[in-house]
Protein chains: 2
Amino acid sequence: MFNSSAEHSSLQLERMFNPDTVAVIGASKNTSKRGNQAIKDLQESGYEGEIYPVNPRYDSEIRGLPVYDSVAATPDTVDLAFIATPAETIPDIVKECGDVGVAGAVIIAAGFSEAGEKGLEATIRDIARDRGVALIGPNIQGVYNLHTGLNLLGGYEIPKGNIAVLAQSGNVGLEFGSHAEDRSSTGFSFNIGVGNETDLEFHDYLEFLDDDEHTDAIALYVDGMSDGRAFLQTARDVVQTTPIVVLKGGLTEEGKESVQSHTASLAGDSDVLDAVYEQAGVIRVDRSDHVVPVADALSKLPPAAGDNVAILSDGGGNATLAADGLSNRGLSVTAVSESTQDRLRELVPDAPNVTNPVDMMGLQGDGDLSIFYDCAEALVADPAVDSLLLTGVFGAYESRGPGDGSSGQEPDVARRIASLVEEYDTPIAVHCIYGTQGSPALEALEDAGVPTYGSLDIAIASLEKLTQYGEHLSTADAKSTFRLESNREQHSLVCDALDAGKRQLSEFHSKQLLGAEGLPVAPFDLVTTATEAADAAAKYEGPVAMKTMSDDIVHKTEADCVALDVSGEDAVREQFTTLVDNAKSYDPDCTVDGVLVSPMLDSSVELIVGVLRDEEVGPVLMFGVGGIFVEVMRDVAFRALPLTEHDARSLVNDINAQKLLNGVRGNPGIDREALVELLVDVSELATANPSITELDLNPVFASPDGAIIADASVILDTDG
Amino acid sequence: MFNSSAEHSSLQLERMFNPDTVAVIGASKNTSKRGNQAIKDLQESGYEGEIYPVNPRYDSEIRGLPVYDSVAATPDTVDLAFIATPAETIPDIVKECGDVGVAGAVIIAAGFSEAGEKGLEATIRDIARDRGVALIGPNIQGVYNLHTGLNLLGGYEIPKGNIAVLAQSGNVGLEFGSHAEDRSSTGFSFNIGVGNETDLEFHDYLEFLDDDEHTDAIALYVDGMSDGRAFLQTARDVVQTTPIVVLKGGLTEEGKESVQSHTASLAGDSDVLDAVYEQAGVIRVDRSDHVVPVADALSKLPPAAGDNVAILSDGGGNATLAADGLSNRGLSVTAVSESTQDRLRELVPDAPNVTNPVDMMGLQGDGDLSIFYDCAEALVADPAVDSLLLTGVFGAYESRGPGDGSSGQEPDVARRIASLVEEYDTPIAVHCIYGTQGSPALEALEDAGVPTYGSLDIAIASLEKLTQYGEHLSTADAKSTFRLESNREQHSLVCDALDAGKRQLSEFHSKQLLGAEGLPVAPFDLVTTATEAADAAAKYEGPVAMKTMSDDIVHKTEADCVALDVSGEDAVREQFTTLVDNAKSYDPDCTVDGVLVSPMLDSSVELIVGVLRDEEVGPVLMFGVGGIFVEVMRDVAFRALPLTEHDARSLVNDINAQKLLNGVRGNPGIDREALVELLVDVSELATANPSITELDLNPVFASPDGAIIADASVILDTDG
């Protein structure tokens, strides 16, 4: 699943993304071919380096440039090769590129693993890595460095700016460009097609872009990563300085259907991704039209220090909708301090509301617009305010309002409002009801680094993500590193089972392993005679649970190998015989190790803890409320291994049934810290024993006195 | 809460919304005043009727028109008065309007119930109704009839079209106008401020607009309706011919905070509103930027006959995101038929996917764009396809594509695609990655009635709402009428309790009432001696539940007046005495009616059924999964009374814990039809007894054999 990673130096990526020389291999005179368009795109986008058309079939010129027989024949070393030829020709071309020291190649052709041609793709990867050529693609639309005019993509109208786009779909990358075009001060540093990630993978680009002077935010469209774990590790570091926004496609069954026919990668599960992105500090958005505005806001504004948003509005309707929208996205709209309210009341004596939302009513005719600055300043100066949303007509009073707009005051007020961002280190977003129509005041805001929105929903989403980003930065040190190294040997029980070729540890061995690693397991005895069973049961006051242990029987209940609530010596003895007989009649060839005897536990809050391997991000831990809840409501949450205490604590907070954990209907709440410890210990166990591919602790009983594992099952990866 | 309704004839509304004469009362020479702007707005928007400025303080002219001392002094009868004077002057002005036969008045002033001046508001309502003047407002920005130039609002840039807007916030109404301006073929017939609904209410406007020849869809912004029940009744009829889209503000605690300072109405609960709007066929959207595009789609396209959407794309990424988005909104993306797939494969032999989503890959260079028509036709001709989403570059191949665009073929292909809507009676929406930039082809689509979108999310929302609308139209006859008339007298138990001034029926009387109305109540006996208790208990095989009945004790558990699982004659006798003693020690003055003896029921699926009065829409029925589920997960759903069988069935389908109803973990599923019957019977009981303000059946036990009410409580409205 995980590729061995590309090992190209940052210098090599720097050379290929800022090349002095570009060869267009498969250059063509036909203007409908990419081998012609690429040259045109470079010429018309102001690329200042050398362009060498390469095509052995031409001996004259293309678009005024001499054509060369081969990349070797060009007059200078080629930094970047753009290869416009079909899939089957690629291996030889990459080989030749390597021989003459080309730093990197852009391969647009389809027809590799996404079309079932995995062998061809492996071939070009091996050649590239062997000869040190970094490959972008294949199966992409192209690459565009907007600051140097290195346009091997098209999309002329994309504005230059500070967002780097990495897209696993050319059209989605171009759509992002169209969304940037809709805004007045938003643009791209790079627009890079990622394609099949044959050689360069998402995380390789991240490192390069983090260092790029023109890039302040990175926006990704992903429909399946080849190495999600490496992405998380790299992203965790990159987001310390450069925020990352991800749109993930293929998260529903319907979406996956399409992904599988599109690229060769497998799509991850939405719940898992949400959790691991949050762990890494990657900002996930779920709509394509949110990507660019959110990345823009993250690239320009400081992160919010907390989740309380002050709403400043000149109309009740916008204030109401803003409060609804912020609250729906989990942000707070709590009252500002009494002193701030007093100040606002002085500023606008007729204001219908000065608590939050602040509704200052619209200005009529020639009202003084600087009141917007005064109110905004009063709000951001309040320590309880973490960000400010200005919503309503401001930005369009002079362009659309009923007055004649002759005073021309609005852009100046706009600039003064924008200055508050730096002065108070507080993000400000402006939603204007005429936001899509533009105005001098809106442009003044944008130019001064305050994003403006015609869509209230997108304005709110941007503040939400600035809040998430701020929250991440303040807790990043306490979160997972995503590194799975362990300097311990796997536990002997795991090694023994692997040696014996077993795929599963029995409940007995699973519990032995857990106990040996210090996890709280309910007491158990493996007994081999009825007398031993009776002795084991006698140790407990109440009834016991009895289960036949056999590596040959996977589904114990189906084989009638489980007896619960067994009370009294006679019953225990009888059950022992019955359980062994049941196993034998279910599978006459099975080997019975004995019968497991455990005390019945008091029914408490029933939880489930598991480890599984996600195809995209590797090992993750699942936690949820067990029993009927997990079946009926699927109330579970995830974190990538290894978990820190912080991760474990936030995982416990993630599930919906918090009332159950806090205590409900006379039941007391549970000991959360004991649960957190258990989760971290499970993470350590799974990290130290990488052959454990699945772990199922179900149920775990939690109470005010702790948490205890009542049943356990360990699945091993016998291939690994 | 519910106003007595305005009674103005449709002729009167026709006269005031299409007036021959308009008086501007409070006309002003000051260009920053509404009394001046209103005249300018009428003049500049092409209003062709007479304009009479009225102001006793002027004797010359305003904007070239003679000024009159009073509305009585104008040379002709006034159809509509626009009143620009402050709140306290309104009563006299409305009186004078009534005296001279003015049909209606637009009152913009604030300072009525929203500012605590309920008396002033009641006064103008009484005057208006007494003298037959219909009032729009107060507390609004104005009114605009775009087809006659009757502009008493501003907002010149709003395009003329077929959507009527009713907005309880002037700025939100103007923002909708800005969203219409963003689209190439979308506009308004009316933009009406609704304000405090002092006289004319939402439902009054609905009826007028339904008949209006220029209106094909109605879009509402509501932050609190004065008579939600009348709205539902009217809307139910109107949507048969004119779709209604509602954005509701003030649904969260934060939003309500703002609403209460904005208008005088109380906001409804989101879950209740979602349900009752669905019952009435009203389309609810939850984002302000969805209102206009969704109303536009509903005004132009046929509703979808089912929920299966075919996706036609020229790129994998867009196809994936479309499938994700449709699925997230509950729509289906299921495979088209084999024969359609064969046809598509013939049309595009290299297509990466022809099942659904259909990915036909992008056209290169001078490819023939009519392939988009051919594929679209193949898809909509498939009976399994209920609507079509075209997503990708189509619409911008010639304006943005790599070719030279000289063929000019795309608008013609666009028109042919649009013709499929009528030919196959199937809605088609087009998302173009350059949708916000416009192109001749996109305009051709819009002109031919196919909406285009730059936002995939909004395109998908539009198809979702066309699907909901189609679903409603096909089931409308089976749904609630919202009429609460009953020709029965209230039950004698209710009448007796009301006569006695009781607010609550005891469990005994509640169960008597339910039983008398034919509802399935668990057996019960009210006993007054220990011997009677023993006899009652002896009727059942298992243990019994015993509860002290006293109208003076509301919380039985708190008073230790409940004993469960009582077994054996001695225990029953003893419990009888204890329960009576406990009541007496809890409240020495209480009157004890006896002890209720019922059999303990087998634990089964525990449900909760209730009736409550929503402040906005009146009586609603709540249904949910009871016990710990309702407390931990709040898994409940609502319907307005009276419920039809269809409503009850869809209510049962609305809750999340369907697995519990279907059977899980060895428990069998429940008898849904018995539950449906119970819900309809509860609805009939509550409708026939309007004094029942709350009803709580908790728990109701459901099993494969039926449903039975285990506990019941009835609260009466002693004020009603």
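**Notebook: strand β1(A) and His472(A)**

I looked up strand β1 (residues 21-25) of chain A and found it mostly covered, with five of its five residues buried (under 20% relative accessible area, against over 50% for exposed and in between for partly exposed; 1.4 Å probe, protein chains only). I note that this is a predicted model, in which local features need pLDDT of at least 70, side-chain atom pairs count only at pLDDT 80 or more, and totals for chains, interfaces and linings use all residues. Residues are numbered from 1 along each chain as its sequence is written, chains are lettered from A and ligands numbered from 1 in the order in which they are written, and side-chain values use heavy atoms, without hydrogens and water. Helices (H or I, at least four residues) and strands (E, at least two) are DSSP runs, numbered from the N terminus.

I checked the side-chain directions: Thr21(A), Ala23(A) and Ile25(A) point one way from β1(A), Val22(A) and Val24(A) the other way.

I then traced the pairing (at least two DSSP bridges between two strands). β1(A) runs parallel to strand β2 (residues 50-54), joined by five bridges, and Ala23(A) stands opposite Tyr52(A). Four bridges join β1(A) to β5 (residues 80-83), also parallel; there Ala23(A) has Ala81(A) as its bridge partner.

I turned to His472(A), which lies in helix α17 (residues 456-475) of chain A. His472(A) is buried, at a relative accessible area of 4%. Leaving out residues up to four places away in sequence, I list among its contacts (heavy atoms within 4.5 Å) Val239(A), Glu278(A) and Lys479(A).
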